[in-house]
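Hi,

Here is the structure I promised to pass on. Have a look at it first, and my notes follow below.

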Amino acid sequence: MTIKIDVKFLIGLAVGALVAAGLVILFTSGGGDDSKKTSADGGISAAPQGGGDQGGDGGGDGGGDGGGAQAGAPLTLPVPDGGGKVGCPKPTKTVGDANSLQAALKGAQAGDVIKMSPGKYVGKFVATASGTQQQPIFLCGDPSSVIDGGGIKKGYGFHLDKANYWRLIGFTVQNSQKGVVGDTTNGSVIQGLNVHDIGDEGIHVRDFSTGNTIQYNKVFNTGLRREKFGEGVYLGTAQSNWKSVSGGKIDNSDNNVVRGNVIRATAEAIDIKEGTKGGKILNNVFDGSKTGGDKHNDSWVDVKGNGYLIEGNRGDKTPADGFQVHQIIKGWGTGNTFRNNTIALDGGNGVGINDTVGGNTIACNNKVTGGQLTKKGKCS
């Protein structure tokens, strides 16, 4: 018996098998970008978590895929002295483990003072209750009171989720994708925390979070999941993520104060997004020795908002500039004032303050070593 082999048929089978194998790889490998926001209790909610609000805006948010940084040594620079510090009142509740902390947060009411005893609190913690201006809710600890998110790939160590007038004071947040996140939080204070060994950014307030103060914290070893998303403090949302984070509206996370923090980050120490205005960046200390973030980040502070006062900050080491101003949307990145900052470029190949927009005030009392203050050498 003679068997005829249809060569075209066999070739078709082989090609089909290769295509099927390629589809399996495509749909099982993942793309590196989160498509949903992981809530603090491990559930999934509708808005995307994002890994640094990818915007492709020239300020370090976009670009190709990149890897994570290696954790560095602890940050030993001292936190500056300064005013406006908040003290913790006598506790109304004391917690000693993750379950009791979760319960205390769930049942929190205006005027509560929750004290965390020393120890490790493993989990992703969320606050949804609100205090008032007269009776904020306190969560207090010391550096040995450690919130550990259980991994740098997903989730927030501590999440203020539409929770107003909180005082987060003194404890440590580590080992989560984002350290502390505020979504639609108003009038809250984040003070004296140690935020480190974080997958992406350390502290992020967004989605119409206004009138908050982020002060006297230490933030370091960010970007362990994605270097280019390892901002220290992040204000607002990139335009590319307004649809998913702020319902398609400009994220007016306005009038936030970032004061007296010490930051060593792989991306910008402070990233000020388009659509935000009226904030203050005061007396912070920047260690730029780890800045670079997969070659996407090249300054300590990136300003894309309007009407900020950037004063009394000091930094050392940077890939390019100390401070940068960008226009992502017409009319934004202007009306900002830079004064009395101390800038040590220390090998950086840029200038102290690189205003690519115009309409900003750069005072002559800004001090620069290792280069010029501005590209044209002008100040006011």
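The first thing to look at is an open sheet of 10 parallel-paired strands, in the order β5-β8-β11-β14-β17-β20-β23-β26-β29-β32. Strands here are DSSP E runs of at least two residues and helices are H or I runs of at least four, numbered from the N terminus; two strands pair if DSSP finds at least two bridges between them. At the edges stand β5 (119–122) and β32 (367–369), each with a single partner strand, so one side of each has no neighbour in the sheet. From one strand to the next the twist averages 10°, with axes fitted to C-alpha atoms (for helices over the stretch in contact) and angles running from 0 to 180 degrees between N-to-C directions. At the β5 edge, 4 bridges link β5 in parallel to β8 (residues 145–148), and Gly-119 stands opposite Ser-145.

Before going on, a word on the source: this is a predicted model, in which local features need pLDDT of at least 70 and side-chain atom pairs count only at pLDDT 80 or more, while totals for chains, interfaces and linings use all residues. Residues are numbered from 1 along each chain as its sequence is written, and side-chain values use heavy atoms, with hydrogens and water left out.

There is also an open sheet of 9 strands, again with parallel pairing, ordered β6-β9-β12-β15-β18-β21-β24-β27-β30. Its edges are β6 (125–127) and β30 (353–355); each has a single partner strand, so one side of each is left free of a neighbour in the sheet. β6 joins β9 (residues 156–161) through 3 bridges, and Phe-125 has Phe-158 as its bridge partner. Helix α2 (residues 98–106) lies across β6 and β9, at about 15° to β6.

The edge strand β30 also turns up in the largest pocket, where it gives the largest share of the lining, 3 residues. A pocket here is an open set of points on a 1 Å grid over the protein atoms alone, where a 1.4 Å probe fits, with protein on both sides within 12 Å along at least five of seven lines; lining residues have an atom within 4 Å of a point. Among the lining residues are Ile-353, Asn-354, Asp-355, Lys-375 and Cys-379.

Finally, the structure holds 2 disulfides (cysteine sulfur atoms within 2.5 Å). In one of them, the sulfur atoms of Cys-88 and Cys-140 are 1.9 Å apart, and the link is left-handed, with -95° about the S-S bond.

Best wishes

Note on methods:
Contact means heavy atoms within 4.5 Å.
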